[in-house]
Amino acid sequence: MTETEIKKSISFEDFKTEVLNDYQIAVVSRECSLLGRREVLTGKAKFGIFGDGKEVPQLAMAKAFKNGDFRSGYYRDQTFMMAIGELTIQQFFAGLYGHPDIENDPMSGGRQMGGHFATHSLDENGNWKNLTQQKNSSADISPTAGQMPRLLGLAQASKIYRNVKEIKAENNFSVQGNEVAWGTIGNASTSEGLFFETINAAGVLQVPMVISVWDDEYGISVHARYQTTKENISEILKGFQRDEDNKGYEIIKVKGWDYAELVAAYEKASTIAREEHVPVLMHVHELTQPQGHSTSGSHERYKNEERLSWEKEYDCIAQMKKWMLENNIANEEELKAIDDQAKKDVRDGKKAAWTAYTAPIKAEKKELVDLLNEIAGNSPNKVFIEKFANELDAIKEPIRKELLVTARKVLRLIVGEAGKGKLAQWIKDYTAKIQPKYSSHLYSESEKNALNIEGVAPEYDENAENVDGRVIVRDNFDALFAKYPEALVFGEDCGNIGDVNQGLEGMQEKYGDFRVCDAGIREATILGQGIGMAMRGLRPIAEIQYLDYLLYAIQIMSDDLATLQYRTAGKQKAPLIIRTRGHRLEGIWHSGSPMGMIINALRGMHVLVPRDMTKAAGFYNTLLETDEPALIIECLNGYRLKEKMPTNMGEFKTPLGVVETIKEGTDITLVSYGSTLRLVEQAAKELLEKGIDAEIIDIQSLLPFDINHDIVKSVAKTNRLLVIDEDVPGGASAYILQKVLDEQNAYRHLDSKPETLTAKAHRPAYGTDGDYFSKPSAEDIYEKVYAIMHESNPEQYPELY
């Protein structure tokens, strides 16, 4: 018997119970929105953005949502999360208050404002749970449409699991690829490029994805006439509708207030996506937003009386109630009882959440007040300390900031007194206890943290052959694909031709076009494919053809990928490897090194800059043993340079955060990375002819950076430092200097001013001369070092100019 037949055969009483349960969830969700707004306006919460007006379609979506499925949605989906059993009233308010405890606010441990939802993919040790036995929600982000690229990858994972036979059929991530990825987005956000890029990519890939557009005709205060051509997203996407001759989408348009129609429509969408692996667009229109966009304003300012009157009548809960009464499913008395109970339950849940949030802070306040009064008793500043203590004690609902502000101000008063030690220790202990609530899990805290993976040197035969660097990368990928059946690579020109530099030559023919595949020119969704698949247990390598084109995807990398472990307090991960190539070649958009931008946007990821292909291959080998995301930037001009062929392909590992001294010296420390190192080495040889012995250090890894502090050891020997970098002035060179001077305290050992040598402020001009006049040359490096040595010993090194 099919699921539909089973539903048709249930008794009226069972049907009534199911409908009334749905109604109860909708009413509870609405009461949460209403009371949540009041909590913001009274100052208990900072900001609120709620799902009122979207309750009924979310109930229908939840009915079609199965174990193993994934949601990639936005901040209106509280009813859906309640309906799948992953959000309680108390948790809703804990998120609104920003409770920094993952047990109380399981969505983010207070790191994201309320309305951003997630489930736990990882256990307390950072290991995968069985995702097929639970309903899953990928962690939300605020940037509109930013959830769309990830949705593509979550859906594509099902296609991979269904078609790649090398992956074990029984695992924690998929049951024969039957899982659907469900996306939600507001109608106005469909104007974003990320939405259209995802729509196109999903149509090409034919993945099991259902996108619901919640259409209430507005984007904040801006009407749909300014957002969407024809004011109708399903109308303008009609060309994507599949037919007998062409693959595409199934497009379904449904009224957001019609409970029965919505349930049928979502069941249909689920069946199509799950069984046929066809993407579905659900245009859920005629929705309302009873309280406006958020707590920052009122919708009465931009909606006329006619619209407000229509919204009151066609509110989805009001229409559901009307439908139940007209069809004798329930009477007024039964529904009023549900309404009244919902109000009580929400008030009780709010109170419990507030108590749980404030109780520990009140206990901490009492502890500090008692300590301050004790210190005051023996202090000549007694009057002032007691004033601070009394003011703090008078705060009925304190926050932790107020505790530390008071403690640190009192510490200044007693800096020369006996009580200073106790208070200073309290501040240290309190900060050590509380700071992790807001700062943990920027990187993995599991055993698979990349810094736990030790390096393994490449091994060579006695008569090791010198080969093009691209051959080393290619043969290493071959070893990795054989070793890890869940590993796959995709990007522009990755498949048929084996990438533009032949680093994947022959891999598609050997491993198939599901594991080594081409992608369209769409960098943001290439990243999204990788994020979503990595969140479902695959080990994707997403290739961006050139480093300069990474900018198309950097918003996704920064807002979504780099923050994932942090914003879920370690409950989700996406160990995606991003492969690209950059640095010196030709012209503005094929020779970029925007490293300062990248490293400052991607905290939470690793950024690796190998100088040759053996080092790059070693990074891939290391990362596939970790559970963290990383960006590897291969040297664009290194694929045809000769390197010795290792024998332990797939096994040697380049450690992260470890620098390498590639030439020892005594006079000056030269620090660089990537392609520029070859110029540094050339300049160092020429400097040696003048008696200047430079030590050369290859950074290798920008994030993390020199975890053993080896650079300062070099500076202690040479007493001089020059950082050579092909980023713009003040880019990565400023970051490197901050690390070496500030964190490693290298200033203590310097006899000369630490200096940088960077590219010019403009993008590199085209051609060999363009490169020479835009980026550091061997002559620039030579003369910069010579000038530093001249300053210290002008007689031995007279001025060049």
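**View 1. The second largest cavity: who lines it, and with what chemistry.** The lining of the second largest cavity splits into 7 nonpolar, 3 polar and 2 charged residues. This is a predicted model, and the same goes for the views that follow. The cavity itself comes out at about 60 Å³. From the earlier part of the chain, its walls take in Leu442, Tyr443 and Ser444. Further along, Leu561, Ala562, Leu564 and Gln565 join in, and so do Lys573 and Ala574. Gly604, Glu628 and Pro629 finish off the lining.

**View 2. The largest cavity, with Phe92 and several glycines by its centre.** Here we're looking at a space of about 110 Å³, and the structure has 3 cavities of 30 Å³ or more. Its lining counts 16 residues. Sitting nearest the centre are Phe92, Gly95, Leu96, Gly114 and Gly115. Sorted by class, the lining has 8 nonpolar and 7 polar residues, plus 1 charged.

**View 3. The largest pocket, with three tyrosines among the residues nearest its centre.** This pocket offers about 720 Å³ of space. Of its 31 lining residues, Tyr97, Gly98, Tyr357, Ile399 and Tyr438 lie nearest the centre. Which helices supply at least two residues each to this lining? They are α5 (89-97), α12 (332-376), α14 (400-413) and α15 (420-439). As for chemistry, 15 of the lining residues are nonpolar, 9 are polar and 7 are charged.

**View 4. An aromatic cluster that includes Phe92, Tyr97 and Tyr357.** Pairs of rings tie Phe50, Phe92, Phe93, Tyr97, Trp354 and Tyr357 together into a cluster. Some of these names have already come up: Tyr97 and Tyr357 are among the residues nearest the centre of the largest pocket, while Phe92 is among those nearest the centre of the largest cavity. So it's worth having this view alongside the two before it.

**View 5. The second largest pocket, lined by nonpolar and charged residues in equal number.** About 430 Å³ of space lies in this one. The lining is made of 21 residues, and by class they are 9 nonpolar, 9 charged and 3 polar. Look to the middle for Trp128, Phe173, Glu486, Gly537 and Arg539, which lie nearest the centre.

**View 6. Two tyrosine pairs, one tilted and one stacked.** The structure holds 27 aromatic pairs. One of them is Tyr74 with Tyr75, a tilted pair with 5.1 Å from centre to centre and 45° between the planes. Both partners are tucked away: Tyr74 is buried at a relative accessible area of 7%, and Tyr75 is buried at 10%. Now switch to Tyr782 and Tyr786, whose ring centres are 6.2 Å apart with planes at 10°, so this pair counts as stacked. Why are these two about one helical turn from each other? Because they sit 4 residues apart in helix α27 (residues 778-792). Tyr782 is buried, with a relative accessible area of 15%, and Tyr786 is buried too, at 6%.

**View 7. Two lysines, each with its charged end over a tyrosine ring.** Lys303 places its charged end over the ring of Tyr218, 5.3 Å from the ring centre. Lys644 does likewise with Tyr460, and here the distance to the ring centre is 4.6 Å.

**View 8. Strand β4, buried on both faces.** Is β4 (residues 209-214) enclosed or open? It's largely enclosed by the rest of the structure, because 6 of its 6 residues are buried. Met209, Ile211 and Val213 point one way from the strand. Val210, Ser212 and Trp214 point the other way, and these residues are buried as well.

**View 9. The parallel sheet around β3 and β4.** Strand β3 (residues 181-186) runs parallel to β4, and 6 bridges join the two. At one end of the match, Ala181 stands opposite Met209 of β4. Gly186, for its part, has Trp214 of β4 as its bridge partner. Pull back a little and you get an open sheet of 6 strands with parallel pairing, in the order β2-β1-β3-β4-β8-β7. Its edge strands are β2 (136-137) and β7 (250-255), each of which pairs on one side only.

Key: Residues are numbered from 1 along each chain as its sequence is written. This is a predicted model: local features need pLDDT of at least 70, side-chain atom pairs count only at pLDDT 80 or more; totals for chains, interfaces and linings use all residues. Side-chain values use heavy atoms; hydrogens and water are left out. On a 1 Å grid over the protein atoms alone, a cavity is a set of points where a 1.4 Å probe fits but cannot get out, and a pocket is an open set with protein on both sides within 12 Å along at least five of seven lines; lining residues have an atom within 4 Å of a point. Grid points are joined across faces, edges and corners, and a volume is the space filled by probe spheres set on the points. Ala, Val, Leu, Ile, Met, Phe, Trp, Tyr, Cys and Pro count as nonpolar, Asp, Glu, Lys and Arg as charged, and the others, Gly among them, as polar. Rings of Phe, Tyr and Trp (its six-membered ring) pair if their centres lie within 6.5 Å; planes under 30 degrees apart count as stacked, over 60 as edge-to-face and the rest as tilted. Buried means under 20% relative accessible area, exposed over 50%, partly exposed in between (1.4 Å probe, protein chains only). A charge sits over a ring if NZ of Lys or CZ of Arg is within 6 Å of the ring centre and within 35 degrees of the ring normal. Two strands pair if DSSP finds at least two bridges between them.
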